[in-house]
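The following exercises concern helix packing, helix length and internal cavities. Please study the structure and attempt each task before reading its solution.

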Amino acid sequence: MLSVLAPPSPSRRLPVPGRRSAFPLHASILVTLLAASSAPTPLYALYQAEWHFSALTLTVVFSAYALALLGALLTAGTLSDHLGRRPVLIGALLAEAAAMAVFATAQGVAALIAARILQGLATGVATSAAGAALLDFEDPGRPGRATLANGITPVAGMAVGVLASTALVQYAPAPAHTTYLLLLLLFTAQAAAVLLTTETAHPHSGAWRSLRPGIAVAPASRPAMRLLAPGVVAAWALGGFYSSLGPSLARLVAPHTSHATGGLVFFTLTAAAGLAVLTARPLSARTASSVGAAVLIPGALLTLSAPHLHSLPALFAGTALAGTGFGAVTQGALRLLLAPAAPDERAGTLAAYYVLSYLAMSVPAVLAGLLTNLYGLRTAVLLYAATVILLTLTGLVRSVRQPTTG
């Protein structure tokens, strides 16, 4: 798909948006990509009721997206450095639109998995390219704006996606179709808008070689990556749990609650994360990451207590704390990782961060689904919370013993 998207010929004098308009465009692309990733969460209960599949199947559907995204990041994370941001983004956005069409016409679990795989591949390619473009279009007079956008757009997108999807489940006819058709139109419009932007990368040879799986972390960013790994894994593992099993947990806590409650659990996580990204700006990057990791512990404990207390307030309070920790960890980690990276190392470093994040988001979620099938959701929550707390404590101890700048 990417190879046929040649740049427009010189005879077609397309208007080129300047830096001011290109920056919000690429930020909106990241928001939409992540909104589409979370949009199925409120719909899972409808799919389960109609197609009668298990919690393990649900986490497989969820993780198909994350693992496909991981594969795309491992192979195509630096592709936009070689081919240019525009052709890579346009191809990926059109692939996203195709995935939305598969979702809208799905008649069973196999179609859901196929749609999630296609969506994950497209999102993986688009995320690193759009994130790198944000850095390229950053106003030199406002340094740090791109890193902030890379931190807040994913959680903002997930919040918007799950809230809009929840509203459509409650009020729209045929929400399993309407949700995806709206996203299809949006991705198509964004692909057309990217066509009008100026190219910021410097295309060069080596595109085929860059597709060999690998991690391309900037050498200057590697110490921070090693230091931050446990906290990042803990934060994204919690995110994966809420995204896949959050609605099931809400029904366990309050069996007669509405389908909307499950969507609101994940919305609480992402909204709290977005607020934390903004609130943590005045803190140093290392402090933001450490404080965020510490907040994950009471969040996990409250989430663990909710099924035993049969308390939705405890579940939402735990979710809000987990989201706060998630946002602060993400904001601090991106600042520490991207600041020392050279311009031609940005896409690869960002891709490596998302590889770690989505691996942490998907694999534990599948294990939680398996544990739920074998031992029940209460036991799965207990083991999940214990693992998150252990990882968080490991990260905090390493941070104290090996401080870094930022």
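**Exercise 1: Two packed helices**

In this predicted model, helices H12 and H13 pack with their axes 7 Å apart, at an angle of about 160°. Determine how H12 is oriented relative to H13.

*Solution.* Step 1. Two packed helices are described by the angle between their axes and the distance between the axes.
Step 2. Angles over 145 degrees count as roughly antiparallel.
Step 3. The angle of about 160° therefore makes H12 roughly antiparallel to H13.
Step 4. The crossing in which H12 passes H13 is left-handed.
Step 5. The contact of H12 with H13 comprises 18 nonpolar, 11 polar and two charged residues.

**Exercise 2: Another partner of H13**

Helix H10 and helix H13 (residues 312–338) have axes 9 Å apart and pack at an angle of about 155°. Determine their relative orientation.

*Solution.* Step 1. The cut-off for roughly antiparallel is again an angle over 145 degrees.
Step 2. H10 and H13 are therefore roughly antiparallel to each other.
Step 3. H10 passes H13 in a left-handed crossing.

**Exercise 3: The span of H12**

Helix H12 has 25 residues (residues 285–309). Compare its expected span with the distance between its end C-alpha atoms.

*Solution.* Step 1. The expected span is 1.5 Å times one less than the number of residues.
Step 2. For H12 this gives 36 Å.
Step 3. The end C-alpha atoms of H12 are 36 Å apart, which agrees with the expected span.
Step 4. After H12 comes His310, which has a positive phi, near 50°.

**Exercise 4: The largest cavity**

Which elements give two or more residues to the lining of the largest cavity?

*Solution.* Step 1. The structure contains four cavities of 30 Å³ or more.
Step 2. The volume of the largest cavity is about 130 Å³.
Step 3. It is lined by 13 residues, of which Leu227, Leu228, Ser289, Gly395 and Ser399 are the closest to its centre.
Step 4. The elements sought are helix H10 (222–253), H12 and helix H15 (377–401).
Step 5. By class, six lining residues are nonpolar, six are polar and one is charged.

Terms used:
Residues numbered from 1 in each chain as written. Predicted model: local features only at pLDDT ≥ 70, side-chain atom pairs only at ≥ 80, totals over all residues. Heavy atoms only, no water. Helix = DSSP H or I, 4+ residues; strand = E, 2+ residues; numbered from the N terminus. 1 Å grid on protein atoms, 1.4 Å probe; cavity = no way out; pocket = protein on both sides within 12 Å on 5 of 7 lines; lining within 4 Å. Points joined across faces, edges and corners; volume = space filled by probe spheres on them. Nonpolar A, V, L, I, M, F, W, Y, C, P; charged D, E, K, R; others polar. Axes fitted to C-alpha atoms, helices over the stretch in contact; angles between N-to-C directions. Parallel < 35°, antiparallel > 145°, perpendicular 65-115°, else oblique. Left-handed = near helix turned anticlockwise from the far one by under 90°.
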